[in-house]
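Subject: Handover of a structure, with notes

Dear colleague,

I am passing on the structure below, together with my notes on it. Please read the notes with the coordinates open beside them.

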Amino acid sequence: MANPGVTNVQQLGITEPISLAGPSEIDVTKTQELEKFLLGVGLYECPAEAVSREEVLGRLDQIVKTWVKKVTRNRGYNDQLVQEANAKIYTFGSYRLGVWEFL
């Protein structure tokens, strides 16, 4: 039986946060300890690895864009459509969330 005066509103997509409170002092301390440990065991990516990762993603982006234009041309589209043909590489998962270093 439904409660009078209570409405069930369906909310799709992003829900409200459980809490808006910031971290407690113990949360900050434990986070700092965890980061120190992870750094000590070498689980963070060094700057050279980060640069290499970005270079690879950039090269992959260029390869895909070139491929899309080639396919568009091979299918007989005019030069204007070939020039407008484009593609976009999207990162996702742990990389997109910025937590890939810990995996």
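The notes below cover confidence, then the helices, then the salt bridges, and lastly a surface patch and one loop residue.

This is a predicted model, in which local features need pLDDT of at least 70 and side-chain atom pairs count only at pLDDT 80 or more, while totals for chains, interfaces and linings use all residues. Residues are numbered from 1 along each chain as its sequence is written, and side-chain values use heavy atoms, with hydrogens and water left out.

Confidence. The protein chain has a mean pLDDT (the predictor's confidence in each residue, from 0 to 100) of 86, and 86% of its residues reach 70 or more. Among the elements of the chain, α3 has the highest mean pLDDT, 95, and α4 the lowest, 79. Where pLDDT is low, the predicted coordinates should not be read in detail.

Helices. Helices are DSSP runs of H or I with at least four residues, just as strands are runs of E with at least two, and they are numbered from the N terminus. The expected span of a helix is taken as 1.5 Å times one less than its number of residues. For the 16 residues of α1 that span should be 22 Å, and the end C-alpha atoms, 23 Å apart, agree with it. Helix α2, with 28 residues, reaches 41 Å from its first C-alpha to its last, close to the 40 Å expected. Each of these two helices is followed by a glycine with a positive phi: G42, at about 75°, comes just after α1, and G76, at about 90°, comes just after α2. The buried residues of α2 (buried being under 20% relative accessible area, exposed over 50% and partly exposed in between, with a 1.4 Å probe and protein chains only) are D61, V68 and T72. These buried residues pack against α3, residues 79-84.

Salt bridges. With a salt bridge defined as a side-chain nitrogen of Lys or Arg within 4 Å of a carboxyl oxygen of Asp or Glu, the count comes to two. In one of them K30 pairs with E33, the closest N and O atoms being 3.7 Å apart. K30 and E33 are three residues apart in helix α1 (residues 25-40), which means that about one helical turn separates them. K30 is partly exposed at 47% relative accessible area, and E33 is also partly exposed, at 43%. In the other, D61 pairs with K65, with the closest N and O atoms 3.3 Å apart; these residues are four apart in helix α2 (residues 47-74), again about one helical turn. Here D61 counts as buried, at 16% relative accessibility, whereas K65 counts as partly exposed, at 23%. An α-helix has 3.6 residues a turn, so residues three or four places apart point the same way.

Surface patch and loop residue. L34, F37, V41 and L43 make a nonpolar surface patch of about 370 Å². For patches, residues need over 30% relative accessible area and no salt bridge, like charges being joined within 9 Å and nonpolar side chains (Val, Leu, Ile, Met, Phe, Trp, Tyr) within 5 Å; the areas come from the Shrake-Rupley method with a 1.4 Å probe, and for residues only the protein chains shown count as cover. L43 has its place in the loop between α1 and α2 and is partly exposed, at 33% relative accessibility. T91 lies in the loop between α3 and α4 (93-97), and is partly exposed with a relative accessible area of 29%. Leaving aside residues up to four places away in sequence, T91 touches L57 and R96 (contact meaning heavy atoms within 4.5 Å). T91 and L57 are 34 residues apart in sequence, with their C-alpha atoms 9.1 Å apart in space.

With best regards
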